[in-house]
Structures are given as structure tokens and as C-alpha cells.
Amino acid sequence: MARLSRFTRDGNALNNGQAILVGPEGEQFTITTRGFTADYADRLAALQRAAAIKINTGLTPASPDRVTPDTLPPSVADKCQAQALAEKCILGVADLKNDDGLEMTVEQFKEAVQQRENTGLLIMALQAAGSVGLARKALVEDAEKNLPQPSVG
């Protein structure tokens, strides 16, 4: 039978952040990020609403080109997602250098994930945020399995 704990996350890590190793073997770096919190979801929704309003400005109500927050062009939706992630989730980055050889700062990383040419970084940051709290929860469950069981007698 399934246990609820297999489908929940560590709330502390989700809200306060966790360091997640990302990238291909030999080129890995660490992103410290919160998970997809309510703050992230609310900010994403606000950005999507604003983008829809901007696109629709000047169009007539009957225009076939009108969009809703759910029907934004993919490039606009990606930009909203990247901005919400940068603002509400990403807390730090380590072991990632700029092309000039200097360590990338968290502010530089947040800016980079929002640039279309850096979609690979955005994907890794999204994967990191999506995995926050899962590993820690699994470690706790594994540790609990190794605890001595009370004897029944």
C-alpha cells in the first residue's frame, strides 16, 4: 500500500531552500533554490496576467489575437516563468564560472536564466526547484527503515 510521505516534500527545504547539484558529468554546479512555493505560483500568475494585458492592449475585444494568461505565446510564458523563478526561488549558485573565468554571482545567474539564449540554464534551475525537498525526504525515510523495530511480546 502507498504511503502519503512518498508523495510529499520536506516543507522546510521547500520554503527555505536546498542546494541541488545540476549539470552534466564533469560540468556540474550547485543551485541553491526554494521549491515551487505559493509565492512563486502567485508571482508567476501575476506576471502572466500582466503579459496578457500588455499583449491585448490596443486590440479590440473581438480580436482573434487576444490572449489569456493560459494562452500566452510560448516565448512570453517562458519569460514569465524564468522571472518568477529568479525572483522567488533561486537563492544561490556555486561552482559556475562566467566565460571570463570569474565565479558567477547569484545576481548574474538570475539574470542569465532569464535570457532566451540560456534556456539550458533555465531548464536546470527549474529541475532543481522541482526536486527540492524530495531527496531529503527520501533520506529520512531510508533512515527510519534502519531504526530498530520494537519487539512485540
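Two strands count as paired if DSSP finds at least two bridges between them. Helices (H or I, at least four residues) and strands (E, at least two) are themselves DSSP runs, numbered from the N terminus. Keep both in mind as we walk through this predicted model, in which local features need pLDDT of at least 70, side-chain atom pairs count only at pLDDT 80 or more, and totals for chains, interfaces and linings use all residues. Residues are numbered from 1 along each chain as its sequence is written, and side-chain values use heavy atoms, with hydrogens and water left out.

How far can you trust the model? The pLDDT is the predictor's confidence in each residue, from 0 to 100. The protein chain averages 88, and 86% of the residues score at least 70. Among its elements, strand β3 (residues 90-94) has the highest mean, 98, while helix α6 (residues 134-145) has the lowest, 55.

Let's start with the strands. β1 (residues 18-22) and β2 (residues 29-33) run antiparallel and are joined by five bridges; I20, for instance, has I31 in β2 as its bridge partner. Six residues separate the two strands of this hairpin, and in the turn G23 takes a positive phi of about 100°. In a regular strand the side chains alternate between the two faces of the sheet. In β1, Q18, I20 and V22 make up the covered face, with A19 and L21 on the uncovered one.

Farther along the chain, D95 sits in the loop between β3 and α4 (106-113). Its phi is positive, about 65°, although D95 is not a glycine. Most residues other than glycine have a negative phi. Is D95 buried or exposed? Buried means under 20% relative accessible area, exposed over 50%, and partly exposed in between (1.4 Å probe, protein chains only). D95 counts as exposed because its relative accessibility is 54%.

Two cysteines are on the other side of that scale: C80 is buried because its relative accessibility is 6%, and C89 is buried because its value is 0%. With a disulfide defined as a pair of cysteine sulfur atoms within 2.5 Å, the count is zero.

Finally, turn to helix α5 (residues 119-131), home of G130. Its 13 residues reach 18 Å from first C-alpha to last, close to the 18 Å expected at 1.5 Å a residue, where the expected span is 1.5 Å times one less than the number of residues. Buried residues in α5 include L121, L122, A125 and G130. Leaving aside residues up to four places away in sequence, G130 touches R9 and F36, a contact being heavy atoms within 4.5 Å.
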